[in-house]
Amino acid sequence: MSYGHLGYGPSHWQRIDLYGPAEPEETEATVAGAAASAAPVVLVHGGFWRHDRTAQDLEPLACALVGRGHRVAVVEYRPSWDGGVWPAAADDCRAALRTLEESDASWAGATLVGHSAGCHLLLASIAGTARGATAVLLAPVTDLAEASRLGVGGGSVDDFLAAHLAAGGSHEQATPEPHPADLASLTVVSAEHDQAVPRKLTDLQLDDWVGRGLPVTSVQVPDARHMHLVNPERPACCSVVLPLLAGHASIVEE
């Protein structure tokens, strides 16, 4: 396996962690063959914008994807307590995607994956671009008005939006509004026993995306919790998320 980093700004947070298969001569034939056809994957972590989680928490998932032949980029961004309040963290995610694509054009065809609040930043980066992206949202938190009302993240939404709200802005203005041209596909994966993201929030977001005419597929993973979706040692990840990202999952829509 190979490792690397790519900076996209002056802050030490503004970096992309890169993972890839070993050089062909060092890689087993089966993995080398998979690498030739597997789409690259970009991961955006959650942590409610304050970094309860960081990019390093997604390293096991990144390594599991590399084992299936993918190149993986994990985006780190500024937390709300260190320069990342809205819209800065979303600007970071947008800049990271641009930097990846400028470094290697093949990243433009990557599968874009967000987890939890990382889905908000990912959608904010995609909305209005008409890029026709393939996106997978794991336990998404994107409707900030409803998330705030429900107390998701223990007040983290209003902390993230503090300056924006103080300046007269609204939760709705900070909620991404993707258009059909922005997404070739949008797969939303939820955990049946998610203790961090209420089902009510997931359903409201799904209804909004369907109403916008987005190409939505919804999957609920039974007997799973919030972090199980990004932990390759859990069945939710190894049996559902990893095959889904490889394009080999038999998805049953809700």
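**Aromatic pairs and a buried isoleucine**

A search of the whole of this predicted model finds five aromatic pairs.

Student: How are the rings of Trp86 and Phe160 paired: stacked, tilted or edge-to-face?

Tutor: Happy to walk through that one. The ring centres of Trp86 and Phe160 are 6.2 Å apart, and the planes meet at 75°. Planes over 60 degrees apart count as edge-to-face. With an angle of 75°, the pair is therefore edge-to-face.

Student: How many residues apart in sequence are the parts that this pair ties together?

Tutor: Let's place each ring. Trp86 sits in the loop between strand 4 (72–75) and helix 3 (88–103), while Phe160 belongs to helix 6 (residues 156–160). The pair therefore ties together parts whose separation in sequence is 74 residues.

Student: Which residues do ring pairs link into a cluster?

Tutor: Two members are familiar by now: Trp86 and Phe160, both buried. Ring pairs link these two into a cluster with Phe48 and Trp49. The full cluster is Phe48, Trp49, Trp86 and Phe160.

Student: Which residue lies over the face of Trp107?

Tutor: Nice one, since this involves a charge over a ring. The distance to the ring centre of Trp107 is 4.8 Å, against a limit of 6 Å. The residue over that face is Arg71.

Student: Is Ile16 buried or exposed?

Tutor: Start with the surroundings: Ile16 is in strand 2 (residues 15–20), and its contacts include Leu6, Tyr8, Val74 and Leu100. Its relative accessible area is 0%, and the cut-off for buried is under 20%. Ile16 is therefore buried.

How values were computed: Residues are numbered from 1 along each chain as its sequence is written. This is a predicted model: local features need pLDDT of at least 70, side-chain atom pairs count only at pLDDT 80 or more; totals for chains, interfaces and linings use all residues. Side-chain values use heavy atoms; hydrogens and water are left out. Helices (H or I, at least four residues) and strands (E, at least two) are DSSP runs, numbered from the N terminus. Buried means under 20% relative accessible area, exposed over 50%, partly exposed in between (1.4 Å probe, protein chains only). Contact means heavy atoms within 4.5 Å. Rings of Phe, Tyr and Trp (its six-membered ring) pair if their centres lie within 6.5 Å; planes under 30 degrees apart count as stacked, over 60 as edge-to-face and the rest as tilted. A charge sits over a ring if NZ of Lys or CZ of Arg is within 6 Å of the ring centre and within 35 degrees of the ring normal. Lists of a residue's contacts leave out its neighbours within four places in sequence.
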